Amino acid sequence: MIIRKQPVISWLLDRNSVLDENKLGVPMVDNKVHFEYLANGMGVLTDVRKSNPAWGLPELIMPSFEKVMEKSAKSFFTIDHQLFQEFYNNNVCGILLSKDCGTIVYGFGKDTLYVWLFRQDRGESKLNMYFYVESAEDNTRKIFTWPTLTDDDQLFAGDKEGRKEMYATLANKLMIFLAVKKYVKVETIVVPTGTITKIDDTVHGYKVKEKIKNESGQEVIIMDSRWFRKIVNDNDIFVRGFFRLQNKKNEMGEWYKELIFVDSFIRHGYHRNATIENEK
């Protein structure tokens, strides 16, 4: 996988970078209402950028991290509103690189998650989706966006009914991703610009080998998890691991929650760690 230079990332991380409307902006769609809505979303992001938020480095999710997200999702549903509040109080924002949908820029207001989705095309970053999600105390959410945006064939491909699920899917992905970062002991691998990092990742017996080449012009963080980076021989009875939120006390005697992975076990067999190596 090659992480290429993206105008939107350069613009967000470099305070001196000037917005080049030819390389960064809104797609030229026929529907004027959709164009104006996305242009307004771009304006909102421009105003956010002026406040100089701490975006942090772009982050890329590896398969082992996605498995943790998938298996721990239910543990976070009951504290969804609490997470919204915590992320707002901690000024959480960032840039998430997603293989399946594009580059996701996100940030929090009071009980609100703001999302901008950019697609890359021939060296250009275009805003294809802008929406925000409000959280209520009963852990329900409301999504606010232009109702016909996903009907626009110039912006989206595929089944139109399936497109409407993209808002909830993206919101869930971001909230679970951030919750895992907060509550799970994860591993981060920084890929320097101009280098290649080889990932040898094993997820419950499924072998993933991938080379990450960073041509983005800045460092990129790879999100990984050692919980799933094991080769498992489970020829006999295999009990799968599971997650739970565990109450713990810190050194100050204050209670906090940490997501605990209760490891799987087998009566006979072995666990062997996979490896990660860097090459320049």
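**View 1. D47 and K50 on helix 2.** In this close-up, D47 is partly exposed, with a relative accessible area of 49%, and the model in which it is seen is a predicted one. Its partner K50 is exposed, at a relative accessible area of 57%, and the two side chains form a salt bridge in which the closest N and O atoms are 3.8 Å apart. Both residues belong to helix 2 (residues 32-50), where a spacing of 3 residues separates K50 and D47 by about one helical turn. In general, an α-helix has 3.6 residues a turn, so residues three or four places apart point the same way. The search of the whole structure that returned this pair finds 7 salt bridges.

**View 2. The salt bridge between K181 and E59.** Here the side chains of K181 and E59 meet with an N to O distance of 2.9 Å. K181 lies in helix 6 (residues 166-183) and E59 in strand 3 (residues 59-61), so the salt bridge ties together parts that are 122 residues apart in sequence. The acidic partner, E59, is buried, with a relative accessible area of 7%, whereas K181 is partly exposed, with a relative accessible area of 33%.

**View 3. The salt bridge between E161 and K164.** The side chains of E161 and K164 meet in a salt bridge with an N to O distance of 3.9 Å. E161 is exposed, its relative accessible area being 54%, while K164 is partly exposed, with a value of 41%.

**View 4. The second largest cavity and its lining.** The structure holds 2 cavities of 30 Å³ or more, and the second largest cavity, shown here, has a volume of about 50 Å³. Its lining consists of F76, F77, D80, L83, R141, N172, M175 and I176. Helix 3 (63-77), helix 4 (80-89) and helix 6 are the elements that give two or more residues to this lining, and helix 6 gives the most, with 3 residues. Sorted by class, the lining of the second largest cavity has 5 nonpolar, 1 polar and 2 charged residues.

**View 5. Helix 4 and its surroundings.** The buried residues of helix 4 are D80, H81, L83, F84, E86 and F87, and two residues of this helix, D80 and L83, also appear in the lining of the second largest cavity. What covers the buried residues of helix 4 includes two helices, helix 3 and helix 6, together with strand 5 (102-109), strand 6 (112-121), strand 7 (124-135) and strand 8 (141-144). Helix 4 is followed by N91, a residue whose phi is positive, near 55°.

**View 6. Strand 12 between its two pairing partners, strand 3 and strand 9.** Strand 12 (residues 220-224) is mostly covered, as 5 of its 5 residues are buried. V220, I222 and D224 point one way from the strand and I221 and M223 point the other way, and residues of both sets are buried. Strand 3 pairs with strand 12 in the parallel sense over 3 bridges, and within this pairing L60 has I222 as its bridge partner in strand 12. Strand 9 (residues 187-191) pairs with strand 12 in the antiparallel sense over 5 bridges, and there the bridge partner of E187 is D224. Strand 3, which pairs with strand 12 here, is also the strand that holds E59, the residue joined to K181 of helix 6 in View 2.

Technical notes: Residues numbered from 1 in each chain as written. Predicted model: local features only at pLDDT ≥ 70, side-chain atom pairs only at ≥ 80, totals over all residues. Heavy atoms only, no water. Salt bridge = Lys/Arg side-chain N within 4 Å of Asp/Glu carboxyl O. Helix = DSSP H or I, 4+ residues; strand = E, 2+ residues; numbered from the N terminus. Buried < 20%, exposed > 50% of the residue type's maximum accessible area, 1.4 Å probe, protein only. 1 Å grid on protein atoms, 1.4 Å probe; cavity = no way out; pocket = protein on both sides within 12 Å on 5 of 7 lines; lining within 4 Å. Points joined across faces, edges and corners; volume = space filled by probe spheres on them. Nonpolar A, V, L, I, M, F, W, Y, C, P; charged D, E, K, R; others polar. Contact = heavy atoms within 4.5 Å. Pairing = 2+ DSSP bridges.
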